[in-house]
Amino acid sequence: MRIGITCYPTYGGSGVVATELGIELAAKGHEVHFISYSQPFRLSGRDEGIFYHEVPVSSYPLFEFPPYDLALASRMAEVAEFNGLDLLHVHYAIPHSVSALLARQMLAARGRRLPFVTTLHGTDITLVGLDRSYLPITRFSIQESDGVTSISQYLKDKTLQDFDVTRDIQVVPNFVNCDVYAPIQDEAAHAEARLRLAGPDQAVLIHLSNFRPVKRVTDVVKVFARIVREIPAQLVLVGDGPERSAAEWLARDLNIQHNIHFLGKQERVNELLPLADLLLMPSELESFGLAALEAMACKVPSIATRVGGVPELIDDGITGLLFNVGDVDAMAQGALALLTDRPRLEQMRTDARKTAQTRFCSTLVLPQYIAYYEKVIAGR
Ligand code: GMT
């Protein structure tokens with residue numbers, strides 16, 4: 001199949017999923033065309049069968065805001081016609097599903113069919129989408145999509161409930177390539193790599209996000225502050241965004257800045273995650289929690305919040321620990337209980353990797369997307 005993919009190319013879970021999906025589809029022999037305002041950050045540009053089409057957005061003095069959604073619709077229609085695309089797959093409904101709807105209508109006027117699939121990722125429904133500026137048109141474009149998937153049952157239920165959507169929505173969970181995200185098999189190599197971050201007797205905790213308020217990064221620092229008072233530990237913060245400065249100031253206020261590494265945006269998180277003992281994910285909202293899945297594939301359990309789709313991913317007490325939002329004391333106590341009980345932690349690490357392999361590996365999820373594409377293209 002020839003598939004067009006649109007996503008936010010920046011550092012966020014929806015862009016990661018869309019990019020990894022394109023890479024896996026191309027690896028299976030499909031032709032994949034990415035259409036977005038910049039090249040998706042995890043796209044190396046060397047993958048065979050993958051093409052990237054930039055969306056030029058011209059500004060004009062009359063425009064207070066350059067209409068990206070219109071430019072995107074035009075580019076989608078061009079790329080689809082010039083390359084004979086079978087289908088468009090857009091990630092994150094706002095504004096991508098509206099642009100795809102316009103592109104479909106543009107091609108219909110030229111006698112060409114261009115079905116599109118919208119994948120709902122999270123705040124397109126639970127936060128941004130609820131804003132009256134966007135809700136009516138997002139509901140409309142979801143209803144008009146030829147196919148709609150959501151990355152968790154929770155998000156499907158929220159969409160049907162909050163958006164008054166009546167159409168079918170297929171749950172296709174996020175996935176991870178279990179060969180790329182995997183523990184370091186060689187013990188000596190693992191120990192050596194870990195020494196780059198921490199001493200031999202120090203615990204290593206990690207957090208990975210785009211540092212937006214919904215991720216509660218200052219809670220990560222508060223949880224770590226309680227842990228490092230009790231045991232030698234280091235915290236690795238991967239990513240960047242509006243809340244990074246608050247986290248840096250808080251680390252200094254708590255005088256623990258020497259135990260925290262702010263690494264910023266990193267390309268190869270699959271090399272960092274296996275070095276950690278636990279991932280901290282204290283989010284306010286998470287429709288899935290892709291960072292936790294990537295960690296689990298690397299045998300790293302999560303200390304996370306019991307929100308959204310997270311309980312569909314993490315079995316509390318088995319593959320991680322779940323807590324109420326903001327309960328930093330309980331999260332710290334849970335982490336300490338694991339870090340001071342190595343046999344229990346080791347069992348949880350094994351179970352976490354097993355869950356990634358048996359439920360969320362790309363080899364299991366890609367066929368679900370491909371079957372869904374075929375169904376949409378056939379018009380069923
Ligand atoms: O914030 C968003 O909703 C966008 C997205 C992102 O790009 O970070 O995050 C959502 O999509 C991810 C990939 O499907 C999910 O793993 C995240 O849980 C989800 N974020 C939220 O629901 C807050």
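## Ligand contacts and helix packing

Author: An oxygen atom of the ligand sits 2.9 Å from a polar backbone atom of Ser287. The model is predicted: local features need pLDDT of at least 70, side-chain atom pairs count only at pLDDT 80 or more, and totals for chains, interfaces and linings use all residues. Numbering runs from 1 along each chain as its sequence is written, and side-chain values use heavy atoms, leaving out hydrogens and water.

Reader: What makes the Ser287 pair a polar contact?

Author: The term takes a pair of N or O atoms within 3.5 Å, so the 2.9 Å pair at Ser287 qualifies. Two others pass too: a polar side-chain atom of Thr123 is 2.5 Å from a ligand oxygen, and a backbone N or O atom of Gly289 is 3.1 Å from a ligand oxygen.

Reader: How many residues surround the ligand, and which are the closest?

Author: There are 17 around the ligand, and His121, Thr123, Asn174, Arg212 and Glu286 are the closest. Being near here takes one heavy atom within 4 Å of the molecule.

Reader: OK, on to the helices. Why are helix 3 and helix 5 called oblique?

Author: Helix 3 (residues 93-108) and helix 5 (residues 135-144) pack at about 55 degrees, with axes 9 Å apart. Angles under 35 degrees count as roughly parallel, over 145 as roughly antiparallel, 65 to 115 as roughly perpendicular and the rest as oblique. The pair is therefore oblique. As for handedness, helix 3 passes helix 5 in a left-handed crossing, meaning the near helix is turned anticlockwise from the far one by less than a right angle.

Reader: Which residues of helix 3 and helix 5 meet?

Author: On helix 3 they are Ala93, Ile94, Ser97, Val98, Leu101 and Arg104; on helix 5, Ile137, Thr138, Phe140, Ser141 and Glu144. Contact means heavy atoms within 4.5 Å. By type, this contact has six nonpolar, three polar and two charged residues.

Reader: What is unusual around the start of helix 3, at Tyr92 and Pro95?

Author: Most residues other than glycine have a negative phi, and most peptide bonds are trans. Tyr92, in the loop between strand 4 (87-91) and helix 3, has a positive phi near 80 degrees. The peptide bond from Ile94 to Pro95 is cis, with omega near -15 degrees, and Pro95 belongs to helix 3.

Reader: What makes helix 11 roughly perpendicular to helix 14?

Author: Helix 11 (residues 290-297) and helix 14 (residues 342-359) pack at about 110 degrees, with axes 7 Å apart. That value makes helix 11 roughly perpendicular to helix 14. Leu293, Met296 and Ala297 of helix 11 touch Ala352, Arg353, Thr355 and Ala356 of helix 14. That contact splits into five nonpolar, one polar and one charged residue.

Reader: And why does helix 1 get its orientation label against helix 15?

Author: Their angle is about 85 degrees, with axes 11 Å apart, for helix 1 (residues 13-27) and helix 15 (residues 362-377). The two are therefore roughly perpendicular. Leu21, Glu24 and Leu25 of helix 1 make the contact with Ser362, Leu366, Tyr369, Ile370 and Tyr373 of helix 15. Six of those residues count as nonpolar, one as polar and one as charged.

Note on methods
Axes fitted to C-alpha atoms, helices over the stretch in contact; angles between N-to-C directions. Helix = DSSP H or I, 4+ residues; strand = E, 2+ residues; numbered from the N terminus. Nonpolar A, V, L, I, M, F, W, Y, C, P; charged D, E, K, R; others polar. Polar contact = N/O pair within 3.5 Å; in protein donor to acceptor, adjacent residues only side chain to side chain.
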